[in-house]
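User: Please take a close look at one part of this protein and then set it against its surroundings. I would like the pockets first, followed by the sheets and the helix packing.

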Amino acid sequence: MKKAVLTCITAYTLLILTSCFKEPNKVPGGDRPAGWFESVDEFCDHVKPRPYIFSVNNQNGGSFTTPKGTVVTIPSNVFVTQTNGPVTGDVLVEFLDVFKKSDMLLLDMGTEWANGGALESTGEFFVRATQNNVPVILNGVNPIQVELPAFNNPIDTGMTAFDAAPDTTGQNLVWWNSGQNSLVATQSSYIFYLYQFSSPASNGTMCNSDQPCFQNVPMATLTMVPTNSPAEFGTEVFLCFTGVNAMVHVYGAQNFPYSFAPVGYQATLIAIGAKDGKLYSSFTPLTITNNMTVNFTLTETTETAFKAAIDALN
C-alpha cells in the first residue's frame with residue numbers, strides 16, 4: 001500500500017492508479033496455486049477494484065454513469081493537450097468511484113487528512129484521460145461534473161472538495177483541501193466540480209468529498225502492538241471507525257501508533273500479513289480510551305474470509 005501493501009501506491013505519487021489498474025485480476029505467479037500470495041502487496045493487487053473505461057468525443061462532450069450510480073458530465077472541448085493545444089476526436093477516460101471502507105482499504109485510499117486526523121468521506125474517485133495513450137489535461141474553464149450519489153443517506157452540507165497528494169515526507173498519499181476544485185451538495189447527491197487534473201497528468205487524479213470528523217473530541221495515542229514479527233509477515237495495520245465512513249492506514253515498524261484516536265469512539269483494528277504464500281489477518285474491535293495499547297495476533301485466513309470480514313465493516 002502507500003508504504004508496503006500496494007506496490008503501485010508505494011510509488012509515492014499518483015502513479016499508483018495508472019500502474020495498478022492496467023492488469024486484470026489474475027492469480028499471481030503464473031503456476032502458483034490460487035490463494036498463494038507472496039506479500040500483502042500481491043494480495044491487494046489481486047482483489048482491488050479496477051476502473052471503468054469510457055470513450056468521449058471531445059468536440060461533443062458527453063456523460064456516463066458508472067455501475068455504482070456516479071454520473072460524470074464532460075463539457076465539449078474540455079480536454080486540451082499538455083501544451084494547451086486543441087484535442088479533436090475521442091478521448092478515453094479511466095474512472096473509478098469508491099464509497100466503501102473495504103475498497104478504500106484494498107486500494108489504500110483511506111481517509112487520512114494531511115494534518116494527520118481522519119476525514120469522513122461521501123465518495124472518492126480516480127480519473128485519467130488519454131488520447132492515443134498520451135495524457136490530456138483540462139482547459140480550466142468548464143469543469144467536469146462528477147455527481148456522487150448519497151445512497152439515500154442524509155445530505156451533509158459540510159462536505160468539501162479534497163485532492164490527493166503525497167504527505168510532507170513524500171512517501172504516503174493523503175488528502176489536502178482542494179485549492180482548484182469545489183463541491184456542492186444537492187438534495188440527493190454531491191457534485192464535484194473538477195477544473196484541473198493533478199500534475200503530472202500521466203499519474204491520474206484522485207479526489208474526495210470529505211469533512212473532518214471527530215471535531216471537538218479529545219484525541220489520544222492508540223498503540224497497536226503485534227505479537228507476530230511485522231518484518232516476517234510484512235504486516236500492515238488499519239483502523240476502521242464504526243458508524244463513520246472513515247478508515248486510516250497506521251504505519252509503524254515494531255509497533256503501530258496512531259496519534260489522532262478519538263477517545264470514546266469504537267473502531268476495528270485490521271491487520272494483514274503474508275508468509276510462505278499464505279494470507280494472515282487480525283480483526284480486533286475496540287473502544288478507544290486515553291493512551292490505549294492493544295495487542296493483536298495474525299492468524300491464517302483466506303481471500304474469501306478476509307474480504308467477507310472487511311465487507312462486514314462497511
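How much space lies in the second largest pocket?

Analyst: The model is a predicted one. About 290 Å³ of space lies in the second largest pocket. Its lining is made up of 16 residues, and those closest to the centre are Gly116, His249, Tyr251, Tyr258 and Phe260. Three strands each supply at least two residues of this lining: E11 (173–177), E17 (247–250) and E18 (256–262). Among the contributors, E18 has the largest share, with four residues. By class, the lining of the second largest pocket holds nine nonpolar, four polar and three charged residues.

The largest pocket can be described in the same terms. About 430 Å³ of space lies in the largest pocket. There are 21 residues in its lining, and Ser121, Thr122, Phe151, Asn153 and Asn245 are the closest to the centre. Helix H3 (101–107) and strand E6 (119–131) each provide at least two residues of that lining. E6 gives the most, namely three residues. The lining of the largest pocket divides into eight nonpolar, seven polar and six charged residues.

Strand E17, which supplies at least two residues to the lining of the second largest pocket, leads on to a sheet. This open sheet has five strands in the order E17-E16-E19-E20-E22, with antiparallel pairing. E17 is one edge strand and E22 (299–301) is the other, and each pairs on one side only. Neighbouring strands of the sheet are turned against each other by 30 degrees on average, direction ignored. At the E22 end, three bridges join E22 to strand E20 (residues 278–287), and the two strands run antiparallel. In this pair, tyrosine 280 stands opposite glutamate 300 of E22. Helix H5 packs on the sheet and touches strand E19 (266–275), E20 and E22. The direction of H5 makes about 20 degrees with that of E20.

H5 also meets a second helix. The axes of helix H2 (residues 40–47) and helix H5 (residues 303–311) come within 12 Å and cross at roughly 75 degrees. Angles of 65 to 115 degrees count as roughly perpendicular, and H2 and H5 are therefore roughly perpendicular to each other. On the H2 side, the residues in contact are Phe43, His46 and Val47, and on the H5 side they are Glu303, Phe306 and Lys307. By class, the contact of H2 with H5 comprises three nonpolar, one polar and two charged residues. H5 thus has contacts with H2 and with strands E19, E20 and E22 of the sheet.

Another sheet remains to be described. It is an open sheet of five strands in the order E2-E3-E9-E13-E12, and its pairing is antiparallel. Its edge strands are E2 (62–65) and E12 (182–185), each pairing on one side only. From one strand to the next, the twist averages 15 degrees. At the E2 edge, four bridges join E2 to strand E3 (residues 71–74), and these two strands run antiparallel. Phenylalanine 64 stands opposite valine 72 in E3.

To return to the part you asked about, the second largest pocket has Tyr258 and Phe260 among the residues closest to its centre. E18, spanning 256–262, gives the largest share of the lining. E17 also supplies at least two lining residues and is an edge strand of the sheet that ends in E22 at its other edge.

Conventions: Residues are numbered from 1 along each chain as its sequence is written. This is a predicted model: local features need pLDDT of at least 70, side-chain atom pairs count only at pLDDT 80 or more; totals for chains, interfaces and linings use all residues. Side-chain values use heavy atoms; hydrogens and water are left out. Two strands pair if DSSP finds at least two bridges between them. Axes are lines fitted to C-alpha atoms, for helices over the stretch in contact, and angles run from 0 to 180 degrees between N-to-C directions. On a 1 Å grid over the protein atoms alone, a cavity is a set of points where a 1.4 Å probe fits but cannot get out, and a pocket is an open set with protein on both sides within 12 Å along at least five of seven lines; lining residues have an atom within 4 Å of a point. Grid points are joined across faces, edges and corners, and a volume is the space filled by probe spheres set on the points. Ala, Val, Leu, Ile, Met, Phe, Trp, Tyr, Cys and Pro count as nonpolar, Asp, Glu, Lys and Arg as charged, and the others, Gly among them, as polar. Angles under 35 degrees count as roughly parallel, over 145 as roughly antiparallel, 65 to 115 as roughly perpendicular and the rest as oblique. Contact means heavy atoms within 4.5 Å.
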